[in-house]
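Please open the structure in your viewer, with the sequence panel beside it, and keep a selection tool at hand.

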Amino acid sequence: MTLRFAYNTNGAANHRLDDAIDLIADAGYDGVAITLDIHHLDPFAEGWVQETERVSSRLQRLGLASVIETGARFLLDPKAKHEPTLVTADASARLRRIGFLKRAIDIAAILRSEAVSFWAGVPKAGVDSADAMGWLRDGVADVVAYADAQGVVPCLEPEPGMLIETLDDFARLDIEGLRLALDTGHCLVTQEREPAAAIAEFAERIGTVAIEDMARGVHVHLPFGEGDMDVGGVLTALESISFGKLICVELSRESHRADVMIPQALAYLREARRHA
């Protein structure tokens with residue numbers, strides 16, 4: 001089968017969204033992972049529905065599929081990175097995160113995106129772990145039910161340092177209708193499983209995949225060839241499970257050279273697949 005690749009707009013943060021989409025299309029990708037942010041399809045902007053419909057038309061004209069990502073750093077709170085989350089102690093703040101995730105699902109429905117990816121968050125000092133897990137379960141269940149009603153695939157991403165950090169954490173959550181957003185690089189950071197083994201083990205639950213290079217034990221997204229990722233092995237594993245959805249390149253630290261990295265990353269992936 002032919003694997004399908006996308007590029008995440010958080011790696012093109014210095015470009016207008018239209019320009020980023022054009023770069024991704026011109027390079028030959030099959031889709032785009034859109035990280036909703038203040039400058040890229042702001043979900044809280046006036047006229048967000050019309051803007052989403054405009055972007056949808058543009059993606060259709062270019063033949064690009066999409067995934068929605070929700071990891072913007074300061075979208076909800078300009079003074080606190082990634083806050084509030086699903087495990088923030090303040091209930092009204094958690095509702096703001098849930099409201100954002102529901103808006104992301106609305107946007108995904110308009111774009112006909114393949115999935116919406118989100119994560120749990122980091123409990124602050126003094127927060128009881130049992131309380132945090134309860135808040136998380138309630139919030140995720142709410143989001144999953146909303147996504148199901150909209151016909152959107154909700155995917156939780158285990159993230160190093162967060163309450164749901166590993167694939168085992170994800171499996172224990174066990175919420176019906178929730179799919180896995182697998183970032184293959186995170187497997188190298190937590191060193192819980194080799195990425196290819198994770199793909200095989202969770203094949204039936206994967207809703208979307210992110211790929212990049214990473215060094216073992218270090219949570220830094222690296223350009224391909226600069227870390228320890230067996231890229232060819234990961235692609236072979238995805239092909240072996242007949243993974244037909246987008247495989248999203250996430251190079252969030254490379255926006256300053258997105259014009260180079262966008263085509264370079266796809267060329268690397270294609271070469272790695274040929275030699276796997």
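The stops below go from the barrel to its strands, then to two helices and a few loop residues.

**Before you start**

This is a predicted model, in which local features need pLDDT of at least 70 and side-chain atom pairs count only at pLDDT 80 or more, while totals for chains, interfaces and linings use all residues. Residues are numbered from 1 along each chain as its sequence is written, and side-chain values use heavy atoms, with hydrogens and water left out.

**The barrel and its strands**

Begin with a cartoon view and select the strands: β1-β2-β3-β4-β5-β6-β7-β8 form a closed barrel of 8 strands with parallel pairing. On average, neighbouring strands of this sheet are turned by 30° against each other, direction ignored; the axes behind such angles are lines fitted to C-alpha atoms, for helices over the stretch in contact, and the angles run from 0 to 180 degrees between N-to-C directions. Strands and helices here are DSSP runs numbered from the N terminus, with at least two residues (E) for a strand and at least four (H or I) for a helix, and two strands count as paired if DSSP finds at least two bridges between them.

Next, select β2 (31-35) together with β3 (65-69), which run parallel and are joined by 5 bridges. Show side chains for Ile 34, whose bridge partner in β3 is Ile 68, and the chain passes from β2 through α2 to β3 in a right-handed β-α-β crossover. Right-handed means that, with the strands pointing away from the viewer, the path from the first strand over the helix to the second runs clockwise. Thr 35 can be added to the selection, since this residue stands opposite Glu 69 in β3.

Stay with β3, where 4 of the 5 residues are buried, buried meaning under 20% relative accessible area, exposed over 50% and partly exposed in between (1.4 Å probe, protein chains only). Then add β4 (residues 116-118), which pairs with β3 in the parallel sense over 2 bridges; here Glu 69 has Ser 117 as its bridge partner. The chain crosses from β3 through α3 to β4, and this β-α-β crossover is right-handed.

**Helix α2**

Now select residues 48-62, which make up helix α2; its 15 residues reach 21 Å from the first C-alpha to the last, close to the 21 Å expected at 1.5 Å a residue, where the expected span is 1.5 Å times one less than the number of residues. Which residues of α2 are buried? They are Trp 48, Thr 52, Val 55, Ser 56, Arg 58 and Leu 59. These residues lie on the same side of α2 because they cover an arc of only 165° around the axis, the arc being that of the directions from the helix axis to the C-beta atoms. Rotate to the other side of α2, and Gln 50 and Arg 61 are exposed there.

The buried residues of α2 pack against α1 (17-27), β2, β3 and α3 (91-111). Zoom in on Thr 52, which is buried with a relative accessible area of 0%. Not counting residues up to four places away in sequence, Thr 52 touches Leu 41, Ile 107, Ile 110 and Leu 111, contact meaning heavy atoms within 4.5 Å. Follow the chain to Gly 63 after α2, where phi is positive, near 70°.

**Helix α3**

Select α3, whose 21 residues reach 30 Å from the first C-alpha to the last, close to the 30 Å expected at 1.5 Å a residue. Its buried residues include Arg 94, Phe 100, Ala 104 and Asp 106, and among the elements that cover the buried residues of α3 are β2, α2, β3, β4 and α4 (129-150).

Centre the view on Ala 104, which counts as buried at 0% relative accessibility. Leaving aside neighbours within four places in sequence, Ala 104 is in contact with Leu 36, Ile 68, Thr 70 and Val 116.

**Three loop residues**

Select Pro 84 in the loop between β3 and α3, where a cis peptide bond joins Glu 83 and Pro 84, with omega about -10°. Move on to Arg 112 in the loop between α3 and β4; its phi is near 60°, a positive value in a residue other than glycine, and at 59% relative accessibility Arg 112 counts as exposed. Finish at Asp 174, in the loop between α5 (167-173) and β6 (179-183), which has a positive phi of about 50° although it is not a glycine, and which is exposed with a relative accessible area of 56%.
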